[in-house]
Amino acid sequence: MHVLLNIYHSDACPTIKNVLLLDSGGRRVAVKYYTDEWPTNGAKLAFERSVFIKTQKTNARTEAEIVMFENNVVVYKFIQDLHFFVTGGDYENELALAAVLQGLSDAVTLLLRGNVDQREALENLNMMFLCLDEIIDAGMILETDGNMIAGKVATHNMDDGAPLSEQTISQALATAREHLTRSLLR
Amino acid sequence: MAQFVKKDDDRDEEAEYSPFLGIEKGAVLQDARVFNDPQLDSRRCSQVITKLLYLLNQGETFTKVEATEVFFAVTKLFQSKDIGLRRMVYLIIKELSPSSDEVIIVTSSLMKDMNSKTDVYRANAIRVLCRITDGTLLTQIERYLKQAIVDKNPVVASAALVSGIHLLQTNPEIVKRWSNEVQEAVQSRAALVQFHALALLHQIRQNDRLAVSKLVTSLTRGTVRSPLAQCLLIRYASQVIRESSMNNQSGDRPFYDYLEGCLRHKAEMVIFEAARAITELNGVTSRELTPAITVLQLFLSSSKPVLRFAAVRTLNKVAMTHPMAVTNCNIDMESLISDQNRSIATLAITSLLKTGNESGVDRLMKQITNFMSDIADEFKIVVVDAIRSLCLKFPLKYRSLMNFLSNILREEGGFEYKKAIVDSIVILIRDIPDAKESGLLHLCEFIEDCEFTYLSTQILHFLGVEGPKTSDPSKYIRYIYNRVILENATVRASAVSTLAKFGAMVDSLKPRIFILLRRCLYDNDDEVRDRATLYLNTLGGDGSVVETEKDVKDFLFGSLDIPLVNLETSLKNYEPTEEHFDISSVPKEVKSQPLAEKKSAGKKPTALGAPPAAPTSTVDAYEKLLSSIPEFSTFGQLFKSSAPVELTEAETEYAVNVVKHIFDKHVVFQYNCTNTIPEQLLENVVVVVDASEAEEFAEVATKPLKALPYDTPGQTFVAFEKPEGVPAVGRFSNVLKFIVKEVDPSTGEAEEDGVEDEYQLEDSEIVAADYMLKVGVSNFRNAWESLGPDFERIDEYGLGPRESLSEAVNAVVNLLGMQPCEGTEVVAANSRSHSCLLSGVYIGNVKVLVRLSFGVDSSKEVAMKLAVRSEDESVSDAIHEIVAN
């Protein structure tokens, strides 16, 4: 097993405990845990279940929402049928967690070119995994800027002949905005 | 919203499109064979790796053999030049976490990538290699890692630094050698590189205070580029402040200016971190607090829930220690009661309850009533607890708070929630005499329709204790007898006991109670019938058993002065023979619980648990303990027992603390000893006390402790005589003396011969406050008026320069050892004068009330006016003497 960062006191660096990407039924799309706090898959699923149920009725669409339970702070945001969660310890700076969440949702929006939903995410699951990998490294925050994250993930696919290579990042961002505006107007 | 609901409806249909539908591990493992193709199809390989990752991510596990096979196949993919595929290879290697003999196979490929010209390869190869590597390999790649730390590409530098943070846990000696490079990276122009470098540098140096202090000093003057790095620096600066505060009492706090400057940073993350750091400073003054509270207050009205939550959570914590500092935010807090986010609303309410003043209580309760119906039980319990503390703070407001509690008691709720409410009402009845009658009636109404047997029986017991003492006990009978008719057997039995208690305590009700009890003789439950029979016979219902009244009451309702644990063991050991079980053979001495058990039981005492009064129960326990010791049984009524005072440092061989028991003519020191050495048994443990600095005290008795085994606390006592009624003070030096015997840890048996030894303890003191009981009054003004000015003594004192007004108030309150009333111990931020009301009972059971008026001038000189009223002139003078000395 690799070493996990497990110092959670006030002098420590901001640390992320997990990042979850669930669908509107609470099922996993992509998840990543960075502590041993949930040692088994059963424990992980139970956590996902309770966090999903606790948050499902809230409206976390325009602004990120926050909830505290089991001595963890969870910030979350919903886009279409995708639910994004970032969990940190009790003492964590809530705004640092929110910055990670923002970076994640921005990057995913860019990578999926505005079509942020469960199906699109699953079809581009390789990008979702790479995206998580570029945001957090074993609990340490690597990058919080959505453009940078998406940029790093996308460059890897340039040679792959993936459709994204035909667009620059700023074009992708523009498309994403357009999609968002359209979905808001609907 | 409609579109999302629609999506849900279509879910089944949509799930058909999932690219992973019907995916099977076996099939995917078969697919992984494409990795071995001589002509690699990189697109296909990528897809297979994604499927493998998907399986792992869904919680699927690979057997050792499967994982090894996949790993070996994956290593072949390093031949491909496709960047996308390589990224997936890196990912899957990290997920498979190969064993060390497998790692060797990819090491050379990864090291090649580490030195590649492509930045993406370099950064990722470093992260993968550091994740899977062990110490030996690390020395080989150390040179490259040091280079990478100062690489001009920020992604590469960050990858190396973050890897360094992880490696520091396993190979600290290697990572520590990178200090110079890390130091250079701290100056990087790339925001996140600086953040990662700062985190690593601090961890490398965290045990070197001076180095951390230097680091903070230089960076707070320099430029810090990313908000995350700035947050780190704030945390490190607070750490330096914490560690330096001990030797720097006077003058300004170091780095406070830096923290305050961060409140004007452009990133909210930094502003918040700085504000929180300021609120958590040790002994923060209201002047230091004000700017932090101001920014947090602004956050309260932010449109972002995360920001509102962060601010209200921090302010809620501040409200516990500095309620006055938070009152400015009350208007903003009130608007948060209706916040969509229930966590925010609950935090706002509990803060308001902590900071609210007496006049605002009614309005606040109205707002909360609307709120209570739509939050979960866990939040409601928090609110109920806060309301209880509020009511104890403002006893005059008991009526509206009690009404609120009884209203929510009638609404739907789970057991824990209901129990919290009932506990609160019981505590209020106990502490606020005026609230008793209405509180009892609320409880009566509640048991008329209560689905929880536990709560019903507890309330019935409580009614039996308190009900007969009220002005009109008869009105409770109906409620109690209804239980006998309507409830299950457990509640019925409990109700019978309660009825009997009323019968025994209130003579006028006796005939009517007996009629009711006789009806219970036909109950279909054994226990109920048995109880009714017992009470009828013993209380003289039919006059057959005649004993003196007092004995009967003691027998039926008196507290059993035998520890239940001891009774239980004795009963278990009792074998049925001709001889009856003799309750007087049960030992009365309290056997101390093992340490571990005590810790687990260290939760807050529940109100209903031990009848009838939880807070006094320690006093009761002490009283029982002392009266069980013959030497002390003649000392009379115990006046006061102090809180334990530690006489040893933490984590020494023997832990000893002392509890001072004050009697009218005597003082008993109870030394609680714990032996923390498993290899030792202590015998004949005594404390030898030198009272040469306590002239008025004369030692009269010592009770040694026979044996003190490892980890089982025991007590030894020393008693002193002192002049009657005189509040004598003095200092006592203590030495622990004992015979120590070696214990064989494997068998637990002690050797026969022991050695005498002694152990120096810290001094103990008897101070004036030991003669004062903290007893609150519900209405200070009334109490003050009713005592009258006959024995009033007023004088003025100069207290000299003080750190703050609130520090001066605390000092005087602690010196007198009296109960602050009506929340007056809290000093408003920035105020220049303050009044504090205290009440207590002085030795000899003399009621004392004190009015303190404080004033502070610009040079922090504090002046105090002290007005005392009591039932005894000499006591009023004695209070002044305490302060004057």
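## Salt bridges, a helix and an interface

B:Glu807 and B:Arg802 form a salt bridge in this predicted model, with 3.4 Å between the closest N and O atoms.

Reader: Are those two partners, B:Glu807 and B:Arg802, buried or partly exposed?
Author: B:Glu807 has a relative accessible area of 27%, and B:Arg802 comes in at 26%. Buried would need under 20% and exposed over 50%. So B:Glu807 and B:Arg802 both count as partly exposed.

Reader: Which residues end up in one network through salt bridges that share partners?
Author: On the chain B side, B:Arg87 pairs with A:Asp133 at 2.7 Å, and B:Arg87 also meets A:Glu134 at 2.7 Å. Shared partners of this kind join up into one network. Its members are A:Asp133, A:Glu134, A:Asp137, A:Lys152, B:Arg87, B:Lys94, B:Arg127 and B:Arg131.

Reader: Which helices does the pair of B:Arg87 and A:Asp133 link, then?
Author: Take the salt bridge between B:Arg87 and A:Asp133. That pair crosses between chains. B:Arg87 is buried at 1% relative accessible area, and A:Asp133 is buried too, at 10%. The elements are helix 6 (residues 83-96) of chain B and helix 4 (residues 125-135) of chain A.

Reader: Where do A:Asp90 and B:Arg313 sit?
Author: Their side chains meet in a salt bridge, 3.1 Å from N to O. The pair joins two chains, because A:Asp90 is in a loop of chain A and B:Arg313 in a helix of chain B. A:Asp90 is partly exposed at 36%, while B:Arg313 is buried at 8%. The places are the loop between strand 5 (82-89) and helix 2 (94-111) for A:Asp90, and helix 19 (residues 305-321) for B:Arg313.

Reader: How many salt bridges cross the interface of chain B and chain A?
Author: Over all chains the count is 54 salt bridges. The contact between the chains involves 65 residues of chain B and 65 residues of chain A, and 20 residue pairs there are in polar contact. For salt bridges across that interface, the number is 11.

Reader: Which residues of chain B lose the most area to chain A?
Author: About 6000 Å² is buried between the two chains, and carbon and sulfur atoms give 54% of that. Three residues of chain B head the list, together giving 11% of what that side buries. They are B:Asn57, B:Arg235 and B:Val306.

Reader: Why do the buried residues of helix 12 of chain B lie on the same side?
Author: The buried ones are B:Ser179, B:Glu181, B:Val182, B:Ala185 and B:Val186. They share a side because the arc they cover around the axis is only 165°. On the other side, B:Asn180 and B:Glu184 are exposed. The general rule is that an α-helix has 3.6 residues a turn, so residues three or four places apart point the same way. The arc, to repeat, is only 165°.

Reader: What covers those buried residues of helix 12 of chain B?
Author: Helix 12 spans residues 179-186, and its cover comes from chain B itself, at least in part. The cover includes helix 9 (135-149), helix 10 (154-170), helix 11 (172-175), helix 13 (191-205) and helix 14 (209-221).

Reader: Why is there no disulfide at B:Cys231?
Author: B:Cys231 is buried, at 2% relative accessible area. Its closest cysteine sulfur is in B:Cys262, which is too far for a bond. A disulfide needs sulfur atoms within 2.5 Å, and the count over all chains is 0. For B:Cys231 the distance is 8.7 Å.

Conventions: Residues are numbered from 1 along each chain as its sequence is written. Chains are lettered from A and ligands numbered from 1 in the order in which they are written. This is a predicted model: local features need pLDDT of at least 70, side-chain atom pairs count only at pLDDT 80 or more; totals for chains, interfaces and linings use all residues. Side-chain values use heavy atoms; hydrogens and water are left out. Buried means under 20% relative accessible area, exposed over 50%, partly exposed in between (1.4 Å probe, protein chains only). Helices (H or I, at least four residues) and strands (E, at least two) are DSSP runs, numbered from the N terminus. The arc is that of the directions from the helix axis to the C-beta atoms. Contact means heavy atoms within 4.5 Å. Buried area is the accessible area (1.4 Å probe) that two parts lose on being put together, summed over both. A salt bridge is a side-chain nitrogen of Lys or Arg within 4 Å of a carboxyl oxygen of Asp or Glu. A polar contact is a pair of N or O atoms within 3.5 Å; within protein, one must be able to donate a hydrogen and the other to accept it, and residues adjacent in sequence count only if both atoms are side-chain atoms.
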